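Subject: The structure I promised you

Hi,

Here is the structure we talked about, with the sequence alongside. Have it open while you read, and rotate it as you go.

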Amino acid sequence: MINNPPVDVLIKQLGAEDEPVSRYCLCVVASKRARQIIEQNAGHTPVGNEIIKELAVASKEIADGKIKCVKD
């Protein structure tokens, strides 16, 4: 479960002001980004306490506004 940043903040950040996204959309976007991060770091070995979960990185990027949800 994602606690920081809160799920409500992530939902508001992904959606438009008048149309928030669903929790399902948030899960799909976060999981796709987490998979991209895993693929990028495939050969990289963590140094020291550098172990950060990919889903945590993805949720932080969503909260910062770096990731947007695009409907087809």
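Below is what turned up when I went through it, starting with the overall layout and ending with a few single residues.

**How far to trust it**

Please keep in mind that this is a predicted model. The mean pLDDT over the chain is 83, and 85% of the residues reach at least 70. Of the elements, α2 has the highest mean, 92, while α1 has the lowest, 89. As a general habit, where pLDDT is low, don't read the predicted coordinates in detail.

**The layout**

There are three helices here and zero strands, so to speak an α-α-α order when you start at the N terminus. α1 covers residues 7–14 and α2 covers 23–40, and α3 spans residues 54–63. The chain has 72 residues, of which 26% count as buried. If you take the contacts with a separation of 6 or more, 58% of them join residues 24 or more positions apart.

**The core**

Which residues make up the largest nonpolar core? There are eleven of them: V7, L10, I11, L14, V21, C25, L26, V29, A30, I62 and I67. Both α1 and α2 supply at least two residues of this core. That fits a general tendency: in soluble globular proteins, nonpolar side chains are often buried together.

L14 is a good residue to click on. Leaving out residues up to four places away in sequence, L14 touches V21, L26, V29, I62, I67, K68 and C69.

**Two helices, seen down the axis**

Now look along α1. Its buried residues are V7, L10, I11 and L14. They line one face of the helix, because their directions fall within an arc of 100° when you look down the axis. The general background is that an α-helix has 3.6 residues a turn, so residues three or four places apart point the same way. On that face, the buried residues of α1 pack against α2 and α3.

Then try α3, where A58, S59, E61 and I62 are buried. These residues sit on the same side of α3, since they cover an arc of only 160° around the axis. Their packing partners are α1 and α2.

S59, in helix α3, has a relative accessibility of 2%, so S59 counts as buried. Its C-alpha atom is 8.9 Å from that of V7, although the two residues are 52 apart along the chain. Just after α3 you will find G65, which has a positive phi of about 85°.

**Charged pairs**

How many salt bridges does the structure hold? The count is two. In general, side chains of opposite charge can pair when their charged atoms come close.

One of the two joins E61 and R33, with 2.6 Å between the closest N and O atoms. E61 belongs to helix α3 and R33 to helix α2, so this pair ties together parts that lie 28 residues apart in sequence. Are these two residues buried or exposed? Both E61 and R33 are buried. For R33 the relative accessible area is 14%, and anything under 20% counts as buried, which is why R33 qualifies. Apart from neighbours within four places in sequence, R33 is in contact with Q40, A58, E61 and I67.

In the other salt bridge, the side chains of K60 and D64 meet at 3.3 Å, N to O. K60 counts as partly exposed because its relative accessibility is 48%. D64 is partly exposed too, with a relative accessible area of 42%.

**The cysteines**

You may wonder about disulfides. A disulfide is a covalent bond between the sulfur atoms of two cysteines. A search of the whole structure comes back with zero disulfides. Take C27: the nearest cysteine sulfur belongs to C25 and is 9.3 Å away, and C27 is in no disulfide. C25 itself is one of the core residues, and it counts as buried because its relative accessibility is 16%.

If you want a place to start, bring up the E61 and R33 pair and then turn to L14 and the residues it touches.

Cheers

Methods: Residues are numbered from 1 along each chain as its sequence is written. This is a predicted model: local features need pLDDT of at least 70, side-chain atom pairs count only at pLDDT 80 or more; totals for chains, interfaces and linings use all residues. Side-chain values use heavy atoms; hydrogens and water are left out. A nonpolar core is a set of buried Ala, Val, Leu, Ile, Met, Phe, Trp, Tyr and Cys residues joined through side-chain atoms within 4.5 Å. Buried means under 20% relative accessible area, exposed over 50%, partly exposed in between (1.4 Å probe, protein chains only). Helices (H or I, at least four residues) and strands (E, at least two) are DSSP runs, numbered from the N terminus. Contact means heavy atoms within 4.5 Å. A disulfide is a pair of cysteine sulfur atoms within 2.5 Å. A salt bridge is a side-chain nitrogen of Lys or Arg within 4 Å of a carboxyl oxygen of Asp or Glu. pLDDT is the predictor's confidence in each residue, from 0 to 100. The arc is that of the directions from the helix axis to the C-beta atoms.
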